[in-house]
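Student: I would like to go through this structure and ask what stands behind each term.

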Amino acid sequence: MLTFNEIKEIINLVNQSCIQHFELNHEATNIVIDKHSLPSTTENKIGLQDASAVDSTLVLSGESHEKQLPRKEVPDQQGDNLYKIVSPTVGTFYSAPEPGADPFIKINQQVNSNEIVCVLEAMKLFNEVEAGVNGTIIEVLFKDGEFVEYGDTLFLVKQDV
Amino acid sequence: MSIKVLKAGLLTSIQDLGRYGYQKYGVIVSGAMDSHSLRLANILVGNEEGEGVLEISLMGPSLKIEKDIILAITGGDISPSIDGKSVPMWRPVYLKKGSILEFGRCRWGCRAYLAIAGGFDIPRIMDSKSTYLRAGIGGFCGRGLKVGDVLPVKEPQGQALRYLGKLAKKAGTKSMETTAWHIRSSYIPQNSQCVTIRVMKGSQFKHFTEESTQNLFNAPFQVTVQSDRMGYRLSGSTIKLMQPLEMVSEAVALGTVQVPPDGNPIILLADRQSVGGYPKIAQVAIVDVGTVAQTKAGSKIYFTEISIEEAEELYCTREQDIQNLIIAIRLKMGE
């Protein structure tokens, strides 16, 4: 089982990172740290039970811990039909399937929900991102080769009504 | 479990990483012309990276898939499709039984590699599934595929089986399903009309005239139609020796550039002879052999010189990339 200091170190590391959700299975210990869950809690709630009986569960929540670098500002004022295509992973943003090829989509282009809008490279794999809605691309927030965090808004789409 | 050949294409043969250990008996290595693409195809379907795959040249075959399978196509883009729908390359693809895989226009490169999860159920001859076409050894009956051939496929196991299960589940009733990720394809230059190949000086480099060695690194060479799996014959500025050189035949290697008396260099490739007596002006860096293999007749090649150390570093970097890729794919496929 992990020692108290090890658990404390894990909490601190996750806390200082921009990781939103962290799970660790180590021997009989199961740790889950989720910065999203229990958003109404103002204090950190930490529950730790003995491993032998039940899975040890550690839940750390709260919105004030993230020390993120300033990320792309996304305008919020354009009404309800605006949809954000968010990044499902960390990675490097590419707007085209190959260097030099035409981009998957351009501004003012109509997209279908299952249409690929970009690829994100992580660990040499190129992950395709689908639009997720039918609509028109209003804004592309990243350039080729830029690093994208999990949850970053990649595109703004004016949804079809 | 099998694959039936409905049309043969130009030249499709089973190849793996080659038949090593028998050159001393005069049995050549054979194997994939672009072994990097072969390895990636196998890795994508969860096979051992040296498993036998189909090497498809310029005009592809039509293949009827007689069981639900996972395949991956890498290397040259010969427009693979099913029922007119394009089959994406550089990723695992699930196909339902009864699908007919066809190939069309060669868009770039000239050799595609098709790996099937489980691999082909054919005997290893001298430790290899590669087809040695001239001798009729190995592969499927020692030859390229013909109409009516039925290629037996092994039941996938281990990772290959897990990948199959995962994609089959995602597919549901669809006849084709792929992952939402792929690997990099752009290591092969998009403009394959003109490629630059990195070489080291060959063992007899100093025996060539200064003009010849300058031309080697400055003038383009054209890949001639006499090029095949054994070697690429080039034409361009003539390469001359300072004086005639009588040599005892000695070992040649993959990517050796030898110069016969006519002065037109030959790059030795997968089906190269085991020994040669022509002077060797250069040696292609191993990381660029696949690029040569994807070059069509009529294309131009420029040579650029690098040191042995640089070639080794390129090789090590690529091997490290492959190892990282294996880990990334396993993570992605939920192991």
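**Helix H2 and the contact between chains**

Tutor: Just after H2(B), Gly172(B) takes a positive phi of about 60°. This is a predicted model, in which local features need pLDDT of at least 70, side-chain atom pairs count only at pLDDT 80 or more, and totals for chains, interfaces and linings use all residues. Residues are numbered from 1 along each chain as its sequence is written, and chains are lettered from A and ligands numbered from 1 in the order in which they are written.

Student: What makes H2(B) a helix?

Tutor: Helices (H or I, at least four residues) and strands (E, at least two) are DSSP runs, numbered from the N terminus. H2(B), residues 158-171, has 14 residues.

Student: Why are the buried residues of H2(B) said to be on the same side?

Tutor: The buried residues (20 or more other C-beta atoms, placed from the backbone, within 10 Å of their own; exposed means 12 or fewer, partly exposed in between) are Ala160(B), Tyr163(B), Leu164(B) and Leu167(B). They lie on the same side of H2(B) because they cover an arc of only 100° around the axis, taken from the directions from the helix axis to the C-beta atoms. The face turned away from them carries the exposed Gly158(B) and Lys169(B).

Student: What makes S7 of chain A and S13(B) a pair?

Tutor: Strands pair if DSSP finds at least two bridges between them. Three bridges join S7 (residues 125-130) of chain A to S13(B), and the strands run antiparallel, so by that definition they pair. Phe126(A) stands opposite His182(B).

How values were computed. Expected span 1.5 Å × (residues − 1).
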